[in-house]
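Colleague: I have some questions about how the terms for this model were assigned. Can we take them in turn?

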Amino acid sequence: MLGFALSIEKSIESFGAMDAVDIAIASVLVYAVLYLLWTTHNRTLLLAAAGLVGVYLAASAFELYLTELALRSAALGLLVLFGIAFQEDIRRAILLRWRWRGSGRAENWLTSGPIDELIDFIAKSAEQRVGVLVVIQGRDALDSVLKGGINLSAPVNVMLLQSIFDPRTPGHDGAVIVQDGRIVRMSAHLPLSNNLRELRSRGTRHSAGLGLSEIADALVVIVSEERGAICVAYGGALHPVTTPIELKQRIDAFLKEKYPAPNRPRFAGPLVGRLGLKVAAVAIAAIAWALYASHADTIERSFAVPLEFRNVPTNLVVNDDAPDSVRVMHTGSEPAFALLTPKTLEVRVNLQGFEAGTSNIALTSKNCIYPSDLKVIHVDPSEFQVQLSSSERAMTRD
Ligand SMILES: Nc1ncnc2c1ncn2[C@@H]1O[C@H](COP(=O)(O)OP(=O)(O)OP(=O)(O)O)[C@@H](O)[C@H]1O
């Protein structure tokens, strides 16, 4: 704990502009991860993951070596486990969320014509106990998760919808997809949910609506054929709706979120609101910086670095007795060494203009290739002799 307090104190003392930039960039990355995880439906696992990260940070702060070691050793396994658990969300992120979905024309919805027609149709279907499944697309592209169906481009209209869902027609099976205020597909099959707790005794129509809402940000309106009850599926949950006014409010709120007012930036979704997540992201980045990046301890480490001769004059070769490598002592912060790939270190000797015979070579930090956050303090040997002989002679000797 004392070490942690000292580390924090040192961090504050040595805090500079580049550290602020470092924390700012890390905060944005942490926020992106938190946002992605927060909008998934695996909250319990997310909280478990956050708990483990918290325990790990606390273990390093309080110098609980055994706990830290156990978590470090289990890290790869846990990562694979979380990868498996979140595979649906990762798939969603790649296939749906970050795919360009087209124009997203808000003006088609803003006329409110399509909404009124849709609500009128839903109310009539509920009254007549006609089974209905209508998907109002959000920002996620749905092509990769819908199966079958017929593409259309038609206005949202009561008569047309009644014809589509007429149980006497073969086309009534499946869902109608509404995008940007127009019907774009009918008789589409949606992925089914296996959340029996949410479905209770409801059947496959509800399971299809719920299933889509689990993997995409669409709002699905369902009318039960058996009971005439209206339900909306959104974010992996089913919400019963009792009146057409309530349905209108739900659809309005959904459209407002997905098609924000024109002055709101297009990709504002993740940027606007969620203050708690933002504060958490900055806090995580700052704590991580205090624990690791700011580590003021300067260390020295020596590496055997390969020696490379460059621009050897034509017809000359370097004799075999020249050293293959030299030892180079570097100094820098602990994180700088943690980020170092020793294979990238090199010592270069430029032999341009050298003649046959023995020459003295002096090695300094100028001959060394190393990351900018490290310094070279010593090269051993700092001087050696190199013998250059004509390549013909060398070949005869061989
Ligand atoms: N994967 C699917 N995608 C879209 N629609 C589906 C899918 N599977 C079934 N359906 C629709 O669900 C209808 C059958 O619904 P079922 O009676 O099992 O569901 P339910 O949820 O109990 O609804 P209801 O209360 O209307 O009976 C099918 O006729 C078909 O139109």
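Modeller: Start with a cut-off: a polar contact is a pair of N or O atoms within 3.5 Å. Keep in mind that this is a predicted model.

Colleague: What makes T204 a polar contact of the ligand?

Modeller: A polar side-chain atom of T204 lies 2.7 Å from a ligand oxygen. The limit is 3.5 Å, so the pair counts. The side chain of H206 also qualifies, with an N or O atom 2.6 Å from an oxygen of the ligand. For G203 a polar backbone atom is involved, at 3.0 Å from a ligand oxygen. The protein buries 81% of the 650 Å² that the ligand exposes when taken alone.

Colleague: Which residues surround the ligand, and of what class?

Modeller: There are 15, and the closest are D173, T204, H206, S224 and E225. Five are nonpolar, six polar and four charged. Helix α10 (residues 204-215) gives the largest share, four residues.

Colleague: Why are β9 and β12 called edge strands?

Modeller: The open sheet runs β9-β15-β12, with antiparallel pairing. β9 (316-318) and β12 (357-362) each have a single partner strand, so one side of each lacks a neighbour in the sheet.

Colleague: How do you know that β9 and β15 pair?

Modeller: Pairing takes at least two bridges. β9 and β15 (residues 383-390) have three, in the antiparallel sense. L316 stands opposite S390 in β15.

Colleague: Which elements have the lowest and highest mean pLDDT?

Modeller: Helix α6 (residues 106-110) has the lowest, 57, and strand β5 (residues 219-223) the highest, 97. Where pLDDT is low, predicted coordinates should not be read in detail.

Terms used
Residues numbered from 1 in each chain as written. Predicted model: local features only at pLDDT ≥ 70, side-chain atom pairs only at ≥ 80, totals over all residues. Heavy atoms only, no water. Helix = DSSP H or I, 4+ residues; strand = E, 2+ residues; numbered from the N terminus. pLDDT = per-residue confidence, 0-100. Near = heavy atom within 4 Å. Polar contact = N/O pair within 3.5 Å; in protein donor to acceptor, adjacent residues only side chain to side chain. Areas by Shrake-Rupley, 256 points an atom, 1.4 Å probe, with all protein chains shown as cover. Nonpolar A, V, L, I, M, F, W, Y, C, P; charged D, E, K, R; others polar.
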